[in-house]
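Got the viewer open? Here is a walk through the model, one selection at a time.

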Amino acid sequence: MYATRFGKQFAASALALAVSWSVQAAGVTDDDLLNDQDTVDDVVTYGMGLQGQRYSPMNDLSTENVKQLQPVWAFSFGGEKQRGQESQPLVKDGVMYVSASYSRVYAIDAKTGEEIWQYDARLPDGIMPCCDVVNRGVALYGDKVIFGTLDAKLVALNKDTGKVVWIKKVADYQAGYSITAAPIIVKGKLITGVSGGEFGIVGKVEAYDPNTGEILWTRPTVEGHMGYVYKDGKKIENGISGGAPGKTWPGDMWKNGGAATWLGGTYDPETDSLFFGTGNPAPWNSHLRPGDNLFSSSRLAIDPDDGSIKWHFQTTPHDGWDYDGVNELVSFDLKENGKTIKAAATADRNGFMYVLNRENGDFIRGFPFVDKITWAKGLDENGRPIYTDNGRPGDPADMKGEKGKVVVAQPAFLGGKNWMPIAYNPNTELFYVPSNEWSMDIWNEPVSYKKGAAYLGAGFTIKPAHDDYIGVLRAMDPKTGKEVWRYENTAPLWGGVMTTAGNLVFTGTPEGYFKAFDAKTGKELYKFNTGTGIVGTPITWKMGGEQYVSITTGWGGAVPLWGGEVAKVVKDFNQGGTVWTFKLPNDNVASR
């Protein structure tokens, strides 16, 4: 059902001989994963560290010399399978591992950009990804490269050859499930979430043995569903999520409650907690499901040993606007009033940024990171939204079953920030947030659940909030909630951010520019035209004593599919599929 394709005959190629020293190197260990944020010779985790700060301690590349950054190679994913390229590459022992649209994975010589091997998943007809055929990255462990597919499988490949080691079905793609996020490996366990919230699936977080693909535990993210652990081939009950069904859901609505964990997770070793966000409750028509609808639109702290939920924080109770709570929860040390707090921050789709105590989930503070929020007046002392009167789309029942009352809501459902990762710089103590300014007309419609069919009960039209820009890259202070600087971009920002000890912030734009900014002031210091829109996330590492920077490029994602009037802004952008890699010429590296 699956096949491995080689760009060249691996065993016979000169390229294989040239990189043989690296492919025979030791595999990725648990210590490698735990220390990824502190090492510079590789990038072995999605997030450049399990906590997801996307910060590099390297300062060879700095505000003084970044203007000298030059491309050294560009690798094409090739073929006709373009669409959105949202992947973050990984690098280990001189080899880059990167996924691409349509569930493809490549191994590339990180020095030359030449292909070592390529794997294509043979996807069945009828896959149902809501928001483009993207894949955001792979996991590395031992001698394996592991990733999720659009038909909701996990695939483990040999890192040296690309040959399949094992394949595991995670969920039924015909019910609307898929996997788009990079898995995370914690304490020898392979952890994955699932996509599919628009199809009335039940979100879950699951752990597998990365060596065999055997399931270890499962934790549903909708209240009322049983969690399990697996020991010696036996399935053992491990408690119902939320304690019992129907406490915050009416009737049987919890049975198809959504709450997809489609963006994957982060991990904090200090509290031994996995942090996963959950998506919208299903259906979008909130009048059909009165109540908070746990654990949708929430952040969950999960025990990596057995999948138990340690605490939760719900950003949008009884969500009626599709404000998924999946956005990454990034651990950091909050220093204020002479104390250091184990904190974590997240920039939510709903337009608020939250700072939480990552030990217990307590709310520390929250504040808008967008210019305007209409659905809520603010947050109360516990971080719960104070809803705006008449800010919720109307009930179709009030209109005798026809379209409900239309409301204007800001942000639009694509969010103040969507999937694209933020970054935290411990030197500036600022978060760098790719965000968008848009509103939507939204209304509710009658709907009923049918397996494999869209389960929305809503209609919408997205509009730009300003005439001259939609995207805004912001530097946010988690201590004050203030915006320190901003960069405005004509098209929506849909790519991730990275920051470095060289006082730099990197990101890309849909117009195709890879850019670098001063982390303290926001001054644009560098841009390079890649020729296609950027919705990927950059990385940096050191090889041969030189600092390299890479990013995947290729326009796509949710905006051209769901963007309404906003899609008109980006309709002429070219698709593509390339990994661009840059470095400084040797004589331009500052002495440090």
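Before the first click, a word on terms: two strands pair if DSSP finds at least two bridges between them. Keep in mind too that this is a predicted model.

**Stop 1: β5, β6 and β7**

Start by selecting β6, residues 104-109. Six of its six residues are buried, so this strand is largely enclosed by the rest of the structure. Turn on the side chains and look at both faces: R104, Y106 and I108 sit on one side, V105, A107 and D109 on the other, and all of them are buried.

Now add β5, residues 95-100, which pairs with β6 in the antiparallel sense over six bridges. To find the register, pick A100; its bridge partner in β6 is R104. The two strands form a hairpin with three residues between them, and in that turn Y102 has a positive phi of about 60°.

What lies on the other side of the pairing? Add β7, residues 115-120: β6 and β7 are antiparallel, with five bridges. Here V105 has Y119 as its bridge partner in β7. This hairpin has five residues between the strands, and G113 in the turn shows a positive phi of about 80°.

**Stop 2: A139**

Next, select A139, in strand β8 (residues 139-141). Is A139 buried or exposed? With a relative accessible area of 4%, A139 is buried, because anything under 20% counts as such. Show its surroundings and, leaving aside neighbours within four places in sequence, you'll find contacts with L90, K144, V145, I146, P183 and I185. For a sense of scale, draw a C-alpha to C-alpha distance from A139 to N285: the two are 36 Å apart in space and 146 residues apart in sequence.

**Stop 3: β12, β13 and β14**

Go on to β13, residues 189-192. K189 and I191 point one way from this strand, L190 and T192 the other way, and all are buried. Add β12 (residues 184-186), which runs antiparallel to β13 and is joined to it by three bridges. I184 is the residue to click here, as it stands opposite I191. The hairpin of β12 and β13 has two residues between the strands, and K187 takes a positive phi near 55°.

Then bring in β14, residues 204-208, which pairs with β13 over three bridges, again in the antiparallel sense. T192 has E206 as its bridge partner in β14.

**Stop 4: the largest pocket and the sheet beside it in this tour**

Where is the largest pocket? Select Q51, Q53, S331, F332 and D333, which lie nearest its centre among the 22 lining residues. The pocket has a volume of about 400 Å³. Strand β22 (residues 330-336) gives the largest share of the lining, four residues.

β22 also belongs to an open sheet of four strands with antiparallel pairing, in the order β22-β23-β24-β25. Its edge strands are β22 and β25 (363-368), each pairing on one side only. From one strand to the next, the twist averages 30°. Zoom in on β24 (residues 352-357), which pairs with β25 in the antiparallel sense over five bridges. V355 stands opposite R365 in β25.

**Stop 5: the cavities**

How many cavities of 30 Å³ or more are there? The count comes to six. For the largest cavity, which holds about 330 Å³ of space, select C130, C131, R136, E198 and W262: of the 28 residues that line it, these are the closest to its centre.

**Stop 6: a second open sheet on the tour**

Four strands form another open sheet, with antiparallel pairing and the order β29-β30-β33-β34. β29 (423-425) and β34 (483-489) stand at the edges, each with a single partner strand, so one side of each is left without a neighbour in the sheet. The twist here averages 20° from one strand to the next. Look at β30 (residues 430-436) and β33 (residues 471-476), antiparallel strands joined by six bridges. N436 has G471 as its bridge partner in β33.

**Stop 7: K515**

Finish on K515, in strand β37 (residues 513-518). At 7% relative accessibility, K515 counts as buried. Follow its side chain to that of E524, and you'll see a polar contact of 3.2 Å. Not counting residues up to four places away in sequence, K515 touches Y487, V505, F506, T507, T509, E524, Y526 and K527.

Terms used:
Residues numbered from 1 in each chain as written. Predicted model: local features only at pLDDT ≥ 70, side-chain atom pairs only at ≥ 80, totals over all residues. Heavy atoms only, no water. Axes fitted to C-alpha atoms, helices over the stretch in contact; angles between N-to-C directions. Buried < 20%, exposed > 50% of the residue type's maximum accessible area, 1.4 Å probe, protein only. Polar contact = N/O pair within 3.5 Å; in protein donor to acceptor, adjacent residues only side chain to side chain. Contact = heavy atoms within 4.5 Å. 1 Å grid on protein atoms, 1.4 Å probe; cavity = no way out; pocket = protein on both sides within 12 Å on 5 of 7 lines; lining within 4 Å. Points joined across faces, edges and corners; volume = space filled by probe spheres on them.
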